[in-house]
Amino acid sequence: TSIRPKKGRYAEVIRTATRMLVACIVVALGRPAGLPAQVTDDAGAFDLIQLERPRILKKAERYLEQAPRTVTADSCDRSAGGPHDYYSEGDYWWPNPEDPDGPYIRRDGETNHDNFIAHRRSLVHLSEIVGTLASAYLVTEEEKYAEHAVAHLKAWFVDEKTRMNPNLLYGQAIKGRHTGRSIGIIDTLHLVEVARGAKLLGDSLSFSERDQNAVGGWFEEYLNWINTHEYGQKEKHHPNNHGVCWSLQAAAFADLVGDEEQLAWIRNQFKTVYLKEMMDNRGGFPAELERTKPYGYSLFVIDAMAGVAQIASTPEDDLWTFQLPAGRGMELGMKGVGDGRDTGASRAILDVLRKEDARPVWVTVWGGSLDLGQALWDLRKKNAPEEVDRIISRLRVYDIAGQVDNQHAKNNSPW
């Protein structure tokens, strides 16, 4: 399957990335002048490359020194699979104190840090590496970044000695109960960024047509597996964030390999299920609000829906602007910022920013940036533009994508 991008792909990527990254900032600040002057071009338009270039290249240089590490590098004697099979274990499952060698028991909300997560960590790291190196290639057009990203892609999806099997038969296993579960498919959510990066690298001289076909073939096979295996079928129609995350993955993989039929199915599912059945008339998601962590899960599902809308939309069928007669749509779902919606967290952010202190203020985002957006909204509503610029000049935002190596937050450039 050829994955070479069409002419003008760079411009498309810039528009896509800008649309998603600036969404929260634009809602909160409402004007380009609220952004630091150094991240706008001569016409005053937001310049994503100028903003991201220092951070991306600093990370990319570090990743150039890292060799691929795939599922074959780590093993667990509790896995029912082989060396090429991805394996993970459910977070909240523990040995039974009354039967230490028997089936694990559930302790909801308590993560068992002794469970096997090495493959998950490697997969997360792959998404970080490919995403960063593909971005570095985008902003510099230097082949060294593409070449190293391709080496990781080949190790994971092509090389017979190190490649991962294109299925998730052994994800989210539970000792003594399940060798794998359908919900394990959410583990490969991190492959969305890998697929996007692979598509961006399609015009690189370092990514031969043969290797592109091999990588595309792996994703095509995995896409078929999540559509046909019972695990995939169950996850595909799961009535909460798991179903949306299935579609986010399928959309990225289908876009990579050119499966328009799959993308059409996802657009229909978005409108007839995610909006019509899962979202209520206030823009909330009842299935997520019933969870033990309703706020985090609500942010998670709308974030996944935004990814689906971005990847699967067409000019004729734009999921960003589509609305049901009752008004359900992405705009309603994202209306978490505005007058009277301040929270204890958003007020705390403002209190810190307003202190007379020259030190930068770091805000870490994991699961959603709603409170930050609300803080910036209130800041704009209650202060002159010059004061807004002065206050936010101290702000540094670290969006935790990898969720594994938080140490690299120190290496990020200022927001």
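1. Ser 247 sits in helix H8 of this predicted model. With a relative accessible area of 0%, Ser 247 is buried, because buried means under 20%. Leaving out residues up to four places away in sequence, Ser 247 touches Trp 265, Ile 266, Tyr 274 and Val 308. Of these, Ile 266 and Tyr 274 are listed among the buried residues of helix H9.

2. Helix H8 covers residues 241–257 and gives the largest nonpolar core its largest share, 11 residues. That core has 78 residues, and those with the most contacts inside it are Phe 157 and Phe 219. As a general point, nonpolar side chains in soluble globular proteins tend to be buried together.

3. What is Phe 219 in contact with, leaving aside its neighbours within four places in sequence? The partners are Phe 157, Leu 191, Val 194, Ala 195, Phe 253, Leu 256 and Val 257. Another core lies apart from the largest one. This other core has 15 residues, including Ile 349, Leu 353, Val 365 and Leu 372.

4. Helix H9 spans residues 260–278 and bends by about 35 degrees at Phe 270. Phe 270 is buried. The other buried residues listed for H9 include Gln 262, Arg 267, Gln 269 and Lys 271, as well as Leu 263, Val 273, Leu 275 and Met 278. At the start of H9, the backbone nitrogen of Glu 261 has a side-chain oxygen of Asp 259 within 3.3 Å.

5. Trp 320 is in the loop between helix H11 (294–312) and helix H12 (330–333). Is Trp 320 buried or exposed? Its relative accessibility is 17%, and the limit for buried is under 20%, so Trp 320 counts as buried. The side chain of Trp 320 also makes a polar contact with the side chain of Gln 310, at 3.1 Å. From Trp 320 to Glu 331 there are 11 residues in sequence, and their C-alpha atoms are 7.5 Å apart in space.

6. The structure holds 11 aromatic pairs. One of them joins Tyr 87 and Phe 116, with ring centres 5.7 Å apart and planes at 40 degrees, so this pair is tilted. Tyr 87 belongs to strand E1 (residues 87–89), while Phe 116 is in the loop between strand E3 (105–106) and helix H3 (118–140). The two are 29 residues apart, and the pair links distant parts of the chain. Both Tyr 87 and Phe 116 are buried.

7. Trp 156 and Phe 157 form another tilted aromatic pair, with 6.4 Å from centre to centre and 45 degrees between the planes. Trp 156 and Phe 157 are both buried. Ring pairs also link these two residues with Trp 218, Phe 219, Tyr 222, Trp 225 and Phe 253 into a cluster. Phe 157 and Phe 219 thus appear in the cluster and as the residues with the most contacts inside the largest nonpolar core.

8. Some totals for the chain follow. There are 15 helices and 6 strands. Buried residues make up 50% of the 415 residues. The exposed area is about 20,100 Å², and carbon and sulfur atoms supply 50% of it. Of the contacts between residues at least 6 apart in sequence, 74% join residues at least 24 apart.

Terms used. Residues are numbered from 1 along each chain as its sequence is written. This is a predicted model: local features need pLDDT of at least 70, side-chain atom pairs count only at pLDDT 80 or more; totals for chains, interfaces and linings use all residues. Side-chain values use heavy atoms; hydrogens and water are left out. A nonpolar core is a set of buried Ala, Val, Leu, Ile, Met, Phe, Trp, Tyr and Cys residues joined through side-chain atoms within 4.5 Å. Buried means under 20% relative accessible area, exposed over 50%, partly exposed in between (1.4 Å probe, protein chains only). Helices (H or I, at least four residues) and strands (E, at least two) are DSSP runs, numbered from the N terminus. Contact means heavy atoms within 4.5 Å. The bend at a residue is the angle between axes fitted to the seven residues ending there and the seven starting there. A polar contact is a pair of N or O atoms within 3.5 Å; within protein, one must be able to donate a hydrogen and the other to accept it, and residues adjacent in sequence count only if both atoms are side-chain atoms. Accessible areas come from the Shrake-Rupley method with a 1.4 Å probe; for residues, only the protein chains shown count as cover. Rings of Phe, Tyr and Trp (its six-membered ring) pair if their centres lie within 6.5 Å; planes under 30 degrees apart count as stacked, over 60 as edge-to-face and the rest as tilted.
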